[in-house]
Amino acid sequence: MSVAGKEKVCIVGSGNWGSAIAKIVGLNVRKHPNLFQDEVRMWMYEEDFEGKKLSQVFNETHENKKYLPGIIIESNVVAVVDLLESVKDATILVFVLPHQFLRRTCQQIKPVLANGAKAISLIKGVDLNENGPILLSSIIHDTLNIDVSVLMGANIANEVAKDMFSEATIGFSNKQNGELFVTLFNTPSFRCSCIEDIPGVEICGALKNVIALAAGFCDGLNLPGNTKAAILRLGLLEMKKFAQHFFSGVKTETFFESCGLADLFVTCTEGRNRKCAEAFVRTGKSFTQIEEELLNGQKLQGTGTAEEVHKILVNKGIVSGYPLMTAVYEISFQGRPVKELIVALSSESKL
């Protein structure tokens, strides 16, 4: 706890999803004044926006006009461009930034980290070394030496920000912290549940973006709903197989929580990875070009994760066990004809 005896929240990141979650956090800390300090600092990478600094625009209008236009965020959420100033005295760190910047950000934060701090990661991705996948929550834990939970689920940011009903799953190792995070994030329109399975929850959040690319290829080829249904089924099985191969204690039931089946479904029907993969097929442009043209400065997570996962599968000699994820990688990076996606669906391994 902070010196005031209440938790002080900092949101590390301010993009589309970070701003959406800031709306929820800003409301909930005011709803629970016995638990949380009123001010929520949100670290914002400074950019120019229509002749002003983006942080200035946000603090004047309480709206992230670049990444979440049209959504008003509570006035107690304050954009801070200095990372160390934003996390100063914070006892809860909410990480929601592109995963390629995570390790460096944690290293910068470490010297000013408050005693008793805890964290939760909303970042969907995976890192790797020669031995296999590394959970992003583990990077936070190992760098900062604090307890880390994760939040994943069927959460299209714009829909969450508009209070359209959705769910999320919180994976925890410390039950008390898991319950605290449910209090911080749960609302009538954003239902949060928790499960003691951090790796299962987190791997779901990373791998579903790879399967969404396959769904986008399917749409780009004008294939029917039956085919996309097969992609979702096989994709979920490969996600489960990957998680349980590399991490002990991963629960099968996790894949039927919001972080699993539900998130996979919505990402394969509405998400930006699906949209960009469809454009990849229809336009013949590279993913780099499509990202620049369609995502307004946001990053495409599925392609990077597909690349990282493929390296792991090659290093472990288990490529043949993951025909769908392998096909996504080869279509995205090696010029394999997209029509051969059907070959991957037809060559189901024994999952």
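**Exercise 1. Count the salt bridges of this predicted model, and establish which parts of the chain the pair Glu74 and Arg30 ties together.**

Step 1. Taking a salt bridge as a side-chain nitrogen of Lys or Arg within 4 Å of a carboxyl oxygen of Asp or Glu, the count comes to 22 salt bridges. The model is a predicted one, in which local features need pLDDT of at least 70 and side-chain atom pairs count only at pLDDT 80 or more, while totals for chains, interfaces and linings use all residues. Side-chain values use heavy atoms, with hydrogens and water left out, and residues are numbered from 1 along each chain as its sequence is written.

Step 2. Glu74 and Arg30 meet through their side chains in a salt bridge, at 3.1 Å from N to O. Because Glu74 lies in the loop between helix H2 (54-61) and strand E5 (77-80), and Arg30 in helix H1 (residues 16-31), the pair ties together parts that are 44 residues apart in sequence. Helices (H or I, at least four residues) and strands (E, at least two) are DSSP runs, numbered from the N terminus.

Step 3. For burial, the cut-offs are under 20% relative accessible area for buried and over 50% for exposed, with partly exposed in between (1.4 Å probe, protein chains only). Glu74, at 24% relative accessibility, is partly exposed, and Arg30 is also partly exposed, with a relative accessible area of 36%.

**Exercise 2. Determine whether Asp127 and Arg103 are buried or partly exposed, and where each lies.**

Step 1. The side chains of Asp127 and Arg103 form a salt bridge of 2.9 Å, N to O. This pair links distant parts of the chain, since Asp127 is in strand E8 (residues 127-129) and Arg103 in helix H4 (residues 102-109), 24 residues apart.

Step 2. Asp127 counts as buried at 18% relative accessibility, whereas Arg103 is partly exposed at 38%.

Step 3. Elsewhere, salt bridges that share partners join Asp219, Lys228, Arg274, Glu278 and Arg282 into one network.

**Exercise 3. Describe the surroundings of Asp263 and of Gly15.**

Step 1. Asp263 is found in helix H10 (residues 258-269), and with a relative accessible area of 1% this residue is buried. With contact meaning heavy atoms within 4.5 Å, and leaving aside neighbours within four places in sequence, Asp263 is in contact with Lys124, Gly153, Ala154, Asn155, Gly205, Lys208 and Ser258.

Step 2. Gly15 is found in the loop between strand E1 (9-12) and H1, and is partly exposed at 25% relative accessibility. Not counting residues up to four places away in sequence, Gly15 touches Asn64 and Tyr67. The C-alpha atoms of Gly15 and Arg30, which are 15 residues apart along the chain, are separated by 22 Å.

**Exercise 4. Assess the overall fold from its radius of gyration and its contacts.**

Step 1. The protein has 15 helices and 12 strands. Its radius of gyration is 20 Å, close to the 20 Å that the globule rule gives for 351 residues, so the protein is as compact as a globular protein of that length. The radius is taken over C-alpha atoms, and the rule is 2.2 Å times the number of residues to the power 0.38.

Step 2. Buried residues make up 57% of the 351 residues. Among contacts between residues at least 6 apart in sequence, 73% join residues at least 24 apart.
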